[in-house]
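Please report on how this protein chain is put together. Cover its domains, cores, charged pairs and unusual backbone positions.

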Amino acid sequence: MLNSVNITKDVHYIGVNNRTLELFENLWPLPHGVAYNSYLINDEKVALIDTVQGDYFYEYIDKIQSIIGKDKKIDYLIVNHMEPDHSGLLRAITKLYPEIKIVGNKKTIGMIDDFYRINENVETIDEGDVLDLGNHKLKFYMTPMVHWPETMMTYEENNNILFSGDAFGSFGTLDGGIFDDQVDLHLFEDEMRRYYSNIVGKYGPMVQKAIKKLSDVDIKYICSTHGPIWRNDLDLVISLYDKWSKYEGEEGVVIVYGTMYGNTGQMADTIARSLAQEGIKNIKVYDASKTHPSYLLSDIWKYKGLILGSCAYNASLFPPIRELVHKLKNRNLKNRYLAIFGSYSWSGGGVNNLEKFAAESKFELITDSVEAKSSATEEDIKGCIKIGQVMAKKLKEDKN
Ligand code: FEO
């Protein structure tokens, strides 16, 4: 596929699709693949913005040379983000274009040395510096921890293009459509939230800082390193990122339970039915053994209500619930209503450990936990119904 995609006259998308990788960062399932986006500015001076993952050398070089030819040199490689899904071809590019200058901030330059043992032909830039390519001028904004400490964004001043690194990115390949007005955004919104909640979500305050820093910048295109290029509905993508990084939840409830033989699962269904009877429509019920935690985190990021259930397992939490709780703690998610249920079995360890998590978390535990002794009694069922009622009431009060 050698036909390049113009964003503007001289600015080109030269990204690639990965449909074979099973796990992003060797952790996160990719049922719809992932796109690694890179960009080329063909001015008096030629600049690349980031590269792509290391397996795509020939496809990537062919795309570059279909635009600039085989003889023209590349002057700059701007590294907005060092994670190897974007710096994977950095070393290969320096070998093919030995005069190329690598541009990054102080942290980036150190990391390039650490990752690739490259410390020559580098140019260190800082906040507000401008790189002149001829007709195009690039200004640099430091946006640390969106997603790694060295992350920065590059703003092209003439066409108002923000090269945003991972920010505003998404899982999912670009299957023909490259721009937001060429794809079904409903598919991308779910994968964008899964990307955000799992990859960037821990750094909400830093995302907020970045959004504020860029609030006065006139942006007409957002070119992320993953997912579609935004040129039509920038308000949508910015408002989603704003909401997620402020930990704002929509009306709705995620119930996640861990069960061996179904008793805790039955309690989950009772709670879900109670919520529905109280008028809550967005209710997602998950068996934690069945659904990968990345999907659980994504929905928990979306909705304000969270109800966790665990049976006891070896006097502790059921392992998939323990993993989920660990991920929630790690990401510092805040501002959620929480309720807890589970079964004691013969040892306990499910409900009491979830209560320990509740005490340490920034969630509001809204009502008494319900712990059945193996299977739920009439009293336990009443307790589950009450969890649904109290949760629904809290969500409705928020709305009013
Ligand atoms: Fe797409 Fe943080 O790398």
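Buried means under 20% relative accessible area, exposed means over 50%, and partly exposed lies in between (1.4 Å probe, protein chains only). Helices (H or I, at least four residues) and strands (E, at least two) are DSSP runs, numbered from the N terminus.

This is a predicted model: local features need pLDDT of at least 70, side-chain atom pairs count only at pLDDT 80 or more, and totals for chains, interfaces and linings use all residues. Residues are numbered from 1 along each chain as its sequence is written, and side-chain values use heavy atoms, with hydrogens and water left out.

**An enclosed helix**

Start with helix α9, residues 293–302. Of its 10 residues, 9 are buried, so the rest of the structure largely encloses this helix. The buried residues are Pro 293, Ser 294, Leu 296, Leu 297, Ser 298, Asp 299, Ile 300, Trp 301 and Lys 302.

**Domains and cores**

The protein is divided into domain 1 (5–245) and domain 2 (251–399). These bounds come from an automatic or database domain assignment. The C-alpha centres of the two domains lie 38 Å apart. Their contact takes 14 residues from domain 1 and 13 residues from domain 2. Contact here means heavy atoms within 4.5 Å.

A nonpolar core is a set of buried Ala, Val, Leu, Ile, Met, Phe, Trp, Tyr and Cys residues joined through side-chain atoms within 4.5 Å. The largest one has 85 residues. Within it, Leu 48, Tyr 60, Ile 64, Tyr 241, Val 256 and Leu 308 touch the most other members. Domain 1 and domain 2 each supply at least three residues to this core. A second, separate core has 29 residues, including Tyr 13, Leu 133, Phe 163 and Ile 229. In soluble globular proteins, nonpolar side chains tend to be buried together.

What does Tyr 241 contact, leaving aside its neighbours within four places in sequence? Its partners are Asp 166, Ala 167, Phe 168, Gly 169, Tyr 195, Tyr 196, Val 200, Val 207 and Ile 211.

**Tyr 247 and its surroundings**

Tyr 247 sits in the loop between α7 (234–245) and β17. Is Tyr 247 buried or exposed? Tyr 247 is buried, at 6% relative accessible area. Residues up to four places away in sequence are not counted in its contacts. Beyond those, Tyr 247 touches Gly 201, Gly 204, Pro 205, Trp 301, Asn 332, Leu 333, Lys 334, Asn 335 and Arg 336. Trp 301 is also one of the buried residues of α9. Tyr 247 and Tyr 303 are 56 residues apart in sequence, with their C-alpha atoms 9.7 Å apart in space.

**Positive phi**

Asn 335, one of the contacts of Tyr 247, has a positive phi near 65 degrees and is not a glycine. Asn 335 is in strand β21 (residues 334–343). Its relative accessible area is 34%, so Asn 335 is partly exposed. Asn 121 also has a positive phi, of about 55 degrees. Asn 121 is in the loop between α4 (106–116) and β11 (122–124). At 38% relative accessibility, Asn 121 is partly exposed.

**Salt bridges**

A salt bridge is a side-chain nitrogen of Lys or Arg within 4 Å of a carboxyl oxygen of Asp or Glu. The whole structure has 20 of them. Three are listed here.

| Pair | Closest N to O distance |
|---|---|
| Arg 194 and Glu 191 | 2.8 Å |
| Lys 396 and Glu 251 | 3.5 Å |
| Glu 251 and Lys 399 | 3.6 Å |

Arg 194 and Glu 191 are 3 residues apart in helix α5 (residues 185–200), about one helical turn. Both are buried.

Glu 251 pairs with Lys 396 and with Lys 399. Lys 396 lies in helix α12 (residues 378–399) and Glu 251 in strand β17, so their bridge ties together parts 145 residues apart in sequence. For Glu 251 and Lys 399, also in β17 and α12, the separation is 148 residues. Glu 251 is partly exposed at 25% relative accessibility. Lys 396 is partly exposed at 27%. Lys 399 is exposed, with a relative accessible area of 60%. Elsewhere, salt bridges that share partners join Lys 73, Asp 75 and Glu 99 into one network.
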